[in-house]
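The following exercises practise the reading of a protein structure, one step at a time. Please attempt each task before consulting its solution.

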Amino acid sequence: MDLQLKNKTCLVTGASRGIGRGAAKVMAAEGSRVAIVARREALLDELADEIVHAGGARPLIIAEDLTSDGGIERVRDRVLGAFGGLDILVNNAGSSRPVTWDATEEQWHEGMRLNFELVRRLTNQFVPTMRKQRFGRIINVTGANEPFGVNIASVAKAGLHNWAKGLSRELARDGITVNCIPPGRINSEQILERLHPTPENRKAFIDANIPIGYFGEPEDLANLIAFLASPLARYITGEVIHVDGGMHRFAG
Ligand SMILES: NC(=O)c1ccc[n+]([C@@H]2O[C@H](COP(=O)([O-])OP(=O)(O)OC[C@H]3O[C@@H](n4cnc5c(N)ncnc54)[C@H](OP(=O)(O)O)[C@@H]3O)[C@@H](O)[C@H]2O)c1
């Protein structure tokens, strides 16, 4: 199937590791011109070399902390300056924030800002250009709605689902779709180094929670991102589509 992504422009946030890195590689392999954002420039350079080596166009590298003052606006200016518009926005940067009930206001503020506010604010920077083009794809990498305990990221991502649904209705007639993908457990830096650091812990989690029997790879999620980004996915909007090996327990 030709996903018709050749020469489409795509911004992937949180592209230095994990799911974002996988998404950037898949989108570039489909022929898109990709801009990649994260704080660690050396990892973005490495990724750019990998993409070029695989036959893709050299990505636009944007080393930026999205939480910094003016970070969002600088990313917008670099992308619009280089591409003259934007077709596809993959809001992926984010990070789990498991806490206890008595987490501080500062912790809540930081977690909600990274995992909700910055996504909304970055998206708003690109809605006008997508509207003008009468084409746009906004794809949010979110998180499960079945928390094991209090997790600030999980609360923020539930908010993203609600916000994205509303936005999808407002932008549908402009040719812009808005969808969310909650991952279950996808091998990434935070999963392997922080949340499930030992093989024993991973095995116990998988046995208890993941019917398919293993953690996914970034490409398992990136392939869905590529499809949702495609003009072929024009009739899919306002959805929350899980990529989790059967982990979530609710039907529908
Ligand atoms: N993997 C999973 O199973 C899973 C499960 C549920 C939800 N998720 C969600 O999926 C998304 C990707 O997660 P992942 O597991 O692939 O994470 P990861 O391997 O830890 O990668 C996170 C990415 O976000 C970037 N990032 C973090 N803070 C940033 C900031 N302030 N400014 C710019 N970039 C920033 C990191 O780059 P730098 O450190 O270089 O800035 C990195 O590239 C996240 O939103 C996460 O919450 C993942």
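**Exercise 1. Determine whether strand E2 is enclosed or open to the surroundings.**

*Solution.* The model under study is a predicted one.

Step 1. Strand E2 comprises residues 33-38, and six of the six are buried, so the strand is largely enclosed by the rest of the structure. The criterion for a buried residue is that 20 or more other C-beta atoms lie within 10 Å of its own.

Step 2. Consider the two faces separately. In a regular strand, side chains alternate between the two faces of the sheet. On one side of E2 are Arg33, Ala35 and Val37, and on the other are Val34, Ile36 and Ala38; all of these are buried, and both faces are therefore covered.

Step 3. Examine the strands paired with E2. E1 and E2 run parallel and are joined by five bridges, with Val12 opposite Ile36 in E2. E2 also pairs with E3 in the parallel sense, over four bridges; here Ala35 has Leu60 of E3 as its bridge partner.

Step 4. Follow the chain between these strands. From E2 it crosses through helix H2 (residues 41-53) to E3, in a right-handed β-α-β crossover. E1, H1 and E2 likewise form a β-α-β unit, which is right-handed.

**Exercise 2. State the order of the strands in the open sheet of six strands, and explain why one side of E3 and of E6 has no neighbour in the sheet.**

*Solution.* Step 1. The order is E3-E2-E1-E4-E5-E6, with parallel pairing.

Step 2. E3 (60-63) and E6 (176-181) stand at the edges and have a single partner strand each, so one side of each is left without a neighbour in the sheet. From one strand to the next, the twist averages 15°.

Step 3. Take one pair as an example. E4 (residues 88-91) and E5 (residues 136-141) run parallel and are joined by four bridges, and Asn91 has Asn140 of E5 as its bridge partner.

Step 4. Add the helices that lie on the sheet. Helix H4 (residues 105-133) lies across E1 (9-13), E4, E5 and E6, and runs at about 170° to E4. Helix H5 (residues 152-171) also packs on the sheet, where it touches E5 and E6; its direction makes about 165° with that of E6.

**Exercise 3. Describe helix H1 by its length and its burial, and relate its residues to the largest nonpolar core.**

*Solution.* Step 1. H1 (residues 18-29) has 12 residues and reaches 17 Å from its first C-alpha to its last, which is close to the 16 Å expected at 1.5 Å a residue.

Step 2. Of its 12 residues, 11 are buried, so H1 is largely enclosed by the rest of the structure. Among them are Arg21, Ala23, Ala24, Lys25, Val26 and Met27. Just after the helix, Gly31 takes a positive phi of about 100°.

Step 3. In soluble globular proteins, nonpolar side chains tend to be buried together. The largest nonpolar core of this model has 59 residues, and those touching the most other members are Val12, Ala24, Met27, Ile36, Val37 and Ile225.

Step 4. Leaving aside neighbours within four places in sequence, Ile225 is in contact with Ala23, Val26, Val90, Ile139 and Ile181.

**Exercise 4. Classify Leu80, Asn7 and Arg134 as buried, partly exposed or exposed.**

*Solution.* Step 1. Leu80 lies in helix H3 (residues 71-83). Leu80 has 16 other C-beta atoms within 10 Å and is therefore partly exposed. Beyond residues up to four places away in sequence, Leu80 touches Gly85 and Thr129.

Step 2. Check the helix that holds Leu80. The 13 residues of H3 should span 18 Å at 1.5 Å a residue, and the end C-alpha atoms are 18 Å apart, which agrees. Just after H3, Gly84 has a positive phi of about 75°.

Step 3. Asn7, in the segment before E1, has 10 other C-beta atoms within 10 Å and is therefore exposed. Its phi is near 65°, a positive value in a residue other than glycine.

Step 4. Arg134 lies in the loop between H4 and E5. With 10 other C-beta atoms within 10 Å, Arg134 is exposed. Although not a glycine, Arg134 has a positive phi of about 60°.

Methods: Residues numbered from 1 in each chain as written. Predicted model: local features only at pLDDT ≥ 70, side-chain atom pairs only at ≥ 80, totals over all residues. Helix = DSSP H or I, 4+ residues; strand = E, 2+ residues; numbered from the N terminus. Contact = placed C-beta atoms within 7 Å. Pairing = 2+ DSSP bridges. Axes fitted to C-alpha atoms, helices over the stretch in contact; angles between N-to-C directions. Expected span 1.5 Å × (residues − 1). Core = buried A, V, L, I, M, F, W, Y, C linked by C-beta atoms within 7 Å. Right-handed = clockwise from strand over helix to strand, strands pointing away.
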